[in-house]
Amino acid sequence: QQRFSDGDADAWQTRAAALSAQAARDVVVGAAAHSVRAVPVAALRVVAGWAQSTGVPLHVHLSEQVLENDECRAAYGCTPTELLDAAGYWGELTTAVHATHLTPHDIDLLAQGGATACLCPTTERDLGDGIGPTRQLEQAGVAMTLGSDSHAVIDPYEEMRALELDERLASSTRGTWSAAALFQAGTATGHASLGFPDAGQIRVGARADLVTLDLTSMRTAGGGPTLETAVFCAGSADVVQVVCEGRVIATRGGQAEVGRELAAAIDAVWQRA
């Protein structure tokens, strides 16, 4: 891990500030401390302070595993959420990634701070980490977004429906999350949490970031142009076109080439490791 280290939090802050100053118009530079197990408390304060003073998004992996909570209580006498609260971490641009094993007090702290919870359902399934308290978070007013994290599956549609389907398994109750709410979590709320408040919506003046779905595939045929079809039926293979800021950057015919480029890029990373 040494090749990724700045040495200390102050050196990291200097580099982050330089990156932010040089960022292109369509790039948001944010901050992240991996977790309370990976970053000392003093450094957590530096990261949180810089992010909040500059108004950039701030991320942290939170209570992904029961062991994380147990180790934090043993070391600090509190939960990870409480430790991060003491470090000044929670704010309206802060995202708690995973948020799987939270106490009622933890959820209250996230709500009071205006933080967002980023659930990663396919990752939690893959690692056997558990099902997050999505109903309790929603009832407390905590905004939710979706992430892939471990990349066990790269499919935002699967992440969307997993939020509802996993909640059904945990609560034996259907309908906690509607297609509209899941679509909001997977689009506009997610973009806003990353510092792009005008994305994830179709209106004059908003970023023209759009995807087109095939409604006649084996998965979507008969569903019609509805959010229910997109969220509960479609998959990433049904995306036939991707537009970023008004530019077509991918089409179904180009998926094979994109896959080859991605495979080559991943191979290059492994060769340098």
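**Backbone and helix packing in a predicted model**

Reader: Is histidine 98 buried or exposed?
Author: In this predicted model, histidine 98 has a relative accessible area of 0%. Since residues under 20% count as buried, histidine 98 is therefore buried.

Reader: In which strand does histidine 98 lie, and what is its phi?
Author: Histidine 98 belongs to strand β3, which covers residues 94-98. Its phi is positive although the residue is not a glycine, with a value near 85°.

Reader: Where is aspartate 149 found, and is it buried, partly exposed or exposed?
Author: Aspartate 149 sits in the loop between β5 (143-146) and α8, and it too is a residue other than glycine with a positive phi, here near 55°. Its relative accessibility is 27%, and the range between 20% and 50% is the one called partly exposed. Aspartate 149 therefore counts as partly exposed.

Reader: How are α1 and α2 oriented to each other?
Author: The axes of α1 and α2 come within 10 Å and cross at roughly 20°, in a right-handed crossing. The contact is made by Ala9, Asp10, Trp12, Gln13, Ala16, Ala17 and Ser20 of α1 together with Ala43, Val46, Val47 and Trp50 of α2, and by class these are eight nonpolar, two polar and one charged residues. Angles under 35 degrees count as roughly parallel, so α1 and α2 are roughly parallel.

Reader: Which elements do the buried residues of α2 pack against?
Author: Helix α2 (residues 41-54) has 14 residues and reaches 20 Å from its first C-alpha to its last, close to the 20 Å expected at 1.5 Å a residue. Its buried residues are Val41, Ala43, Leu44, Val47, Ala48, Trp50 and Ala51. The elements they pack against are α1 (9-22), β1 (31-33), β2 (58-62), α3 (66-76) and α4 (80-86).

Reader: Which residue follows α2, and what is its phi?
Author: The residue that follows α2 is glycine 55. Its phi is positive, near 70°.

Reader: How are α8 and α9 oriented to each other?
Author: The axes of α8 (residues 156-171) and α9 (residues 179-186) come within 9 Å and cross at roughly 130°, and α8 passes α9 in a right-handed crossing. Met160, Arg161, Leu163 and Glu164 of α8 meet Leu182, Phe183 and Gly186 of α9 in this contact, which by class has four nonpolar, one polar and two charged residues. An angle between 115 and 145 degrees falls outside the parallel, antiparallel and perpendicular ranges, so α8 and α9 are oblique.

How values were computed
Residues numbered from 1 in each chain as written. Predicted model: local features only at pLDDT ≥ 70, side-chain atom pairs only at ≥ 80, totals over all residues. Heavy atoms only, no water. Axes fitted to C-alpha atoms, helices over the stretch in contact; angles between N-to-C directions. Helix = DSSP H or I, 4+ residues; strand = E, 2+ residues; numbered from the N terminus. Parallel < 35°, antiparallel > 145°, perpendicular 65-115°, else oblique. Left-handed = near helix turned anticlockwise from the far one by under 90°. Contact = heavy atoms within 4.5 Å. Nonpolar A, V, L, I, M, F, W, Y, C, P; charged D, E, K, R; others polar. Expected span 1.5 Å × (residues − 1). Buried < 20%, exposed > 50% of the residue type's maximum accessible area, 1.4 Å probe, protein only.
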